[in-house]
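Reader: I have a model open in front of me, and I would like to go through it with you, one question at a time.

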Amino acid sequence: MARNSGNYRNPCLTMHQPWASLLVHGIKRIEGRSWPAPIRGRLWIHAASKVPEPETIRAMEEFYREIYAVNGITDLKFPEHYPVSRLLGCVEVVGCVRCEELVCWDEIPEGVRLEGQTDFCWLCEKPQKLIVPFEMRGYQGVYNLERKVYEAAVRGLTPVTSPLPVKFPLPDSRNPFSLKPGSLASSANNPSSSETNRSESLATAIAGARAAATQFSKSNTFQPVNEGYPISSRTRNASKEPQSQSKFAASHSRGRFDN
């Protein structure tokens, strides 16, 4: 379903690896896009089919080591694997602000402010991962999971403990959409200390993260979903297509995740 449909029931976003797993594992707290978040609440995260390059994984892990170190956290545990063509879990989108607002927001940790590298910053809390990530096909933009897929997946969720949990304060606690682009405009005029106090290693890590993201900057989205399932070295001779949502629901409707 296209992202401009505006009728979201169980919204899902397909992302490239390693960014998808970093978000679901609670390490990544800001999802950067060129367009504002159209939803608030639970957002399912699906990993696209492109296998991440080892250099990309190293660059992004180094980026997060450095920005967490700014807040005194030096023992990060990264995902052991970065699976592709899989539904991974979900996060709660609590708001969306522009990059220039985020980097000057003194009410959140500096490491979170350093994650602001794109026009619009989706603010994510409460990550949960699937005990068993499962194969399915993704789509562009924000789309709805089929009901059967949602019902199967929601039983397999387990909470994730973030290295540094963040609670983004809402300007109006009665309005879940109050944290939106322009809502923090008054603080955007204050100079950010992040630029002046960056160490050489932090600056290098930020540059590496930006370089890693440029491979997708032209489309700001994932590779075409019909390019096929990436085959590992163990199964290179086997022909396999990603499961549709309907096929997944049928194969997992017998309580596979009830453990």
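Reader: Does Asp 172 count as buried, partly exposed or exposed, and at what relative accessibility?

Author: This is a predicted model, and in it Asp 172 is found in the loop between strand E7 (157-159) and helix H6 (200-213). Buried would require under 20% relative accessible area and exposed over 50%. Asp 172 falls in between and counts as partly exposed, at 27%.

Reader: Which backbone atom does the side chain of Asp 172 reach?

Author: The side chain of Asp 172 makes a contact at 3.0 Å, and a pair of N or O atoms has to lie within 3.5 Å to count as a polar contact. The atom that the Asp 172 side chain reaches is the backbone nitrogen of Arg 174.

Reader: How many of the residues of strand E1 are buried?

Author: In strand E1 (residues 11-15), Pro 11, Leu 13 and Met 15 point one way, while Cys 12 and Thr 14 point the other way, and all are buried. The strand is therefore largely enclosed by the rest of the structure, the count of buried residues being five of the five.

Reader: Which strands do bridges join to E1, and which of them runs parallel to it?

Author: Three bridges join E1 to strand E6 (residues 142-144) in an antiparallel arrangement, and there Pro 11 stands opposite Asn 144. Four bridges join E1 to another strand, in which His 46 is the bridge partner of Thr 14. The strand that runs parallel to E1 is E3 (residues 41-47).

Reader: What span should helix H2 have, and how far apart are its end C-alpha atoms?

Author: Helix H2 (residues 54-69) has 16 residues, and the expected span is 1.5 Å times one less than that number of residues, so the helix should span 22 Å. The end C-alpha atoms agree with this expectation, as they are 22 Å apart.

Reader: Which helices are included in what covers the buried residues of H2?

Author: The buried residues of H2 include Ile 57, Met 60, Phe 63, Tyr 64 and Ile 67, and also Glu 61 and Glu 66. What covers the buried residues of H2 includes helix H1 (19-24), helix H4 (110-113) and H6.

Reader: Which peptide bond is cis, with omega about 10°?

Author: Most peptide bonds are trans. The bond in question involves Pro 18, whose place is in the loop between E1 and H1. With omega about 10°, the cis peptide bond is the one that joins Gln 17 and Pro 18.

Reader: Ser 85 and Lys 126 both have a positive phi, so which is buried and which is exposed?

Author: Most residues other than glycine have a negative phi. Ser 85, in the loop between H2 and strand E4 (86-98), has a phi near 55°, and Lys 126, in strand E5 (residues 120-135), has a phi of about 50°. Because buried means under 20% relative accessible area and exposed over 50%, Ser 85 is buried at 3%, whereas Lys 126 is exposed at 57%.

Reader: Taking the protein chain as a whole, what share of its residues counts as buried?

Author: The protein chain comes to seven helices and seven strands, and among its contacts between residues at least 6 apart in sequence, 86% join residues at least 24 apart. It exposes about 13,000 Å², of which carbon and sulfur atoms supply 48%. Of the 259 residues of the protein chain, the share that counts as buried is 49%.

Methods
Residues are numbered from 1 along each chain as its sequence is written. This is a predicted model: local features need pLDDT of at least 70, side-chain atom pairs count only at pLDDT 80 or more; totals for chains, interfaces and linings use all residues. Side-chain values use heavy atoms; hydrogens and water are left out. Buried means under 20% relative accessible area, exposed over 50%, partly exposed in between (1.4 Å probe, protein chains only). Helices (H or I, at least four residues) and strands (E, at least two) are DSSP runs, numbered from the N terminus. Two strands pair if DSSP finds at least two bridges between them. A polar contact is a pair of N or O atoms within 3.5 Å; within protein, one must be able to donate a hydrogen and the other to accept it, and residues adjacent in sequence count only if both atoms are side-chain atoms. Contact means heavy atoms within 4.5 Å. Accessible areas come from the Shrake-Rupley method with a 1.4 Å probe; for residues, only the protein chains shown count as cover.
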